[in-house]
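Visitor: Please take me through this model feature by feature, giving the general idea before the particular case.

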Amino acid sequence: MFLSHHRHTCDVVSQASSVNNFLCIVFNGYYSFLSGSSLPKVHTYYFIKQRTIMMISSTASLLRSGATRRVVRSAGFVSSASTTNTANASVQHSFFRSMNSASTIVEDDGSDFGFGKSIPDHDIPEEFIEEGEETIGEWTGCTRKFLAPLSVSQRGSEILNNPLFNKFTAFKTGERDRFGFRGLLPPRRVNMKIQKERVLQEIRAEPSMIRKHIILEDVHDRNETLYHRILVDHMVEMAPIIYTPTVGQACKEFAMRYRRPRGMYFCEEDRGHMAAMVNNWPEKDVHVIVVTDGSRILGLGDLGANGMGIPIGKLSLYCAAGGIAPHRVMPVVLDVGTDNEELLNDEFYLGVQKPRLQGAKYYHLVDEFIQVVRHRWPHVLIQFEDFSSDKAQKLLNKYRDEILCFNDDIQGTGATTLAGVLGALRAKGELPTSLGDQRILIAGAGSAGIGVAQVLYQAMLEHGRSAEEAKNCFFIADEKGLLGQDRLRHLSPEQAMFARRTDGGLSLNEIVNKYKPTMILGMTAVGGLFSEKLIRDIGKHCERPIIFPLSNPTIKAECSAEQAFEWTDGRCIFASGSPFDPVQLKDGRTFYPTQCNSE
């Protein structure tokens, strides 16, 4: 049987200002890389080699170009028509073919990319001009133009119970007859636009963010077409609901609100059986896997199997913002136990209630998982997410040259922070090459802090700085103070690289007063760590300090946007890991905090 693809079409605002805050830093990353920052290796390694994780380079290039655009209706996501992104366009097209969602393509004139001009509208015969939407009957809001049908093997209530194919009351009379569920739905056809407005009304009437999250996930569980339509059309509003900061609370309550199986779980008892288990996943063509062991969920620590909320939320964003088909992603938890006493004693916890695996047992389990998913899907991208610092770098070092993989906390956070820092330098009126002139204080020496330092260091080398000059720019501190060579025995190789020859153990305040940093980056998950005195002292030494409290969720941020702007009299350049509301100072100036987050 065939599922038709006539659908409601929506308007697209083609200005760059329409990009939502959540994706802003990702786009900024491409702006930085594509607008003369001279970082080919960083760009290549973190985005091209890793198959452009967010799958949005075409859209970013389009928004950057400022070229003339016109809106056409088709079966794809918002993307550039440039031939340089054929693979991405194919992925995006396939996504909305399978999702039967409202969609548009923004077609670029190609001039910014050097591919010539598109055919002017006046050269196209009138008979071929894009037909309009229907305005009466069950086709209202839809087009009758040809869209390739999708063959499905399911019938009747099986389709209505499959969230990938279910359109609920949007099914037309012909579809209800062909698939054998006429009479199983109310007779009135309610299209996606009306369904979306009904859900939005329910979400907006709910004051609680976690309740909003639950409402949206209920839609996810029964109608992915509608779910992704809502995300695509209202990403600014929905991103904080499905991901940071709300996802942290959702993970903590994961067991209590568990409703429907989503994703796969692998534990020690599955050793030797994973090759067979992986075939239980119903989809044959998985492109992206986001996997976590739940050991370091955001800034909340060890949440064990409850960490499944992170891969689910992240992949939802990849589908909606990047155009990856929902049936081509797979969220995974490696349940190696938990050291969280609360979870070990929680009768409702759904994970393995044993202490975490360590040593060889842990790494052998991870390796079996890696091998079996690569055997079934040889070209799959594996994203390591929220692994503890003692495991994250080791796993990345083991697999980065063998398989298509990356660690979001190390490489993703590093790449987006680099983009944010380069943007901040431009805001100060400085060139990107001045990165090597900065004095950078990083609070937090875990996988995220060291990952950011590594990417910034590599960027400095690309700008022509020597290794010694680049290292001297960094002051990295953990709970014991400034990393110094007196602690080399207790530091990882990556941490040791940035250990200072002198002044090991200095506190943040002492570092600020002695070395006068021009920027401070927070990746400690210690809420309120940046005190008023610390920020004011930084402001004394630097006219426009760069302040990035990057820890998630909001309660773990090292300082708030309001504090940063108030304590620097509005002079700082601010970005945070979680969103903050606009800040109005006593003198009437209003500041709109930006977000620097690879999530």
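Guide: Let us start at proline 245, which is placed in the loop between helix 10 and helix 11, where helices are DSSP runs of H or I with at least four residues, strands are E runs of at least two, and both are numbered from the N terminus. This is a predicted model, in which local features need pLDDT of at least 70 and side-chain atom pairs count only at pLDDT 80 or more, while totals for chains, interfaces and linings use all residues. Residues are numbered from 1 along each chain as its sequence is written, and side-chain values use heavy atoms, with hydrogens and water left out.

Visitor: What is the peptide bond from threonine 244 to proline 245, cis or trans?

Guide: In general, most peptide bonds are trans, and most residues other than glycine have a negative phi. The bond from threonine 244 to proline 245 is cis, with omega near 10 degrees. Asparagine 552 and proline 553 are likewise joined by a cis peptide bond, with omega about -10 degrees, and proline 553 lies in the loop between strand 14 (546–549) and helix 23 (561–567).

Visitor: Which sign does phi take at aspartate 386, and is that residue buried or exposed?

Guide: Phi of aspartate 386 is near 55 degrees, a positive value in a residue other than glycine. Aspartate 386 sits in the loop between strand 8 and helix 16, and at 1% relative accessibility it counts as buried, a label that means under 20% relative accessible area, with exposed meaning over 50% and partly exposed in between, for a 1.4 Å probe and protein chains only. Aspartate 569 also has a positive phi of about 55 degrees; its place is the loop between helix 23 and strand 15 (573–576), and with a relative accessible area of 47% aspartate 569 is partly exposed.

Visitor: How do I read the packing of helix 7 and helix 9, and what is the angle between them?

Guide: Two packed helices are described by the angle between their axes and the distance between the axes. Here an axis is a line fitted to C-alpha atoms, for helices over the stretch in contact, and angles run from 0 to 180 degrees between N-to-C directions. Helix 7 and helix 9 pack at about 75 degrees, with their axes 10 Å apart. That makes helix 7 roughly perpendicular to helix 9, since angles of 65 to 115 degrees carry that name, while those under 35 count as roughly parallel, those over 145 as roughly antiparallel and the rest as oblique. On the helix 7 side the contact (heavy atoms within 4.5 Å) is made by Met192, Gln195, Lys196, Val199 and Leu200, and on the helix 9 side by Thr225, Leu226, Arg229, Ile230 and Asp233.

Visitor: Where is histidine 234 placed, and which residues does it touch?

Guide: Histidine 234 is in the loop between helix 9 and helix 10, and it is buried at a relative accessible area of 18%. Leaving aside residues up to four places away in sequence, histidine 234 touches Lys196, Leu200 and Arg204. The C-alpha atoms of histidine 234 and leucine 200 are separated by 9.5 Å, although the two residues are 34 apart along the chain.

Visitor: How many of the residues of helix 8 are buried?

Guide: In helix 8, 10 of the 14 residues are buried, so this helix is largely enclosed by the rest of the structure. Its buried residues, including Ile210, His213, Glu217 and Asp221, pack against helix 7 (192–205), helix 9 (224–233), helix 10 (235–242), helix 11 (246–252) and helix 13 (309–322).

Visitor: At what angle do the axes of helix 21 and helix 22 cross?

Guide: The axes of helix 21 (residues 508–515) and helix 22 (residues 532–541) come within 10 Å and cross at roughly 10 degrees. Helix 21 and helix 22 are therefore roughly parallel to each other. Leu508, Asn509, Val512 and Asn513 in helix 21 meet Lys533, Leu534, Asp537, Ile538 and His541 in helix 22.

Visitor: What does the secondary structure of the whole chain come to?

Guide: It comes to 23 helices and 18 strands, and 58% of the 599 residues count as buried. Of the contacts between residues at least 6 apart in sequence, 71% join residues at least 24 apart.
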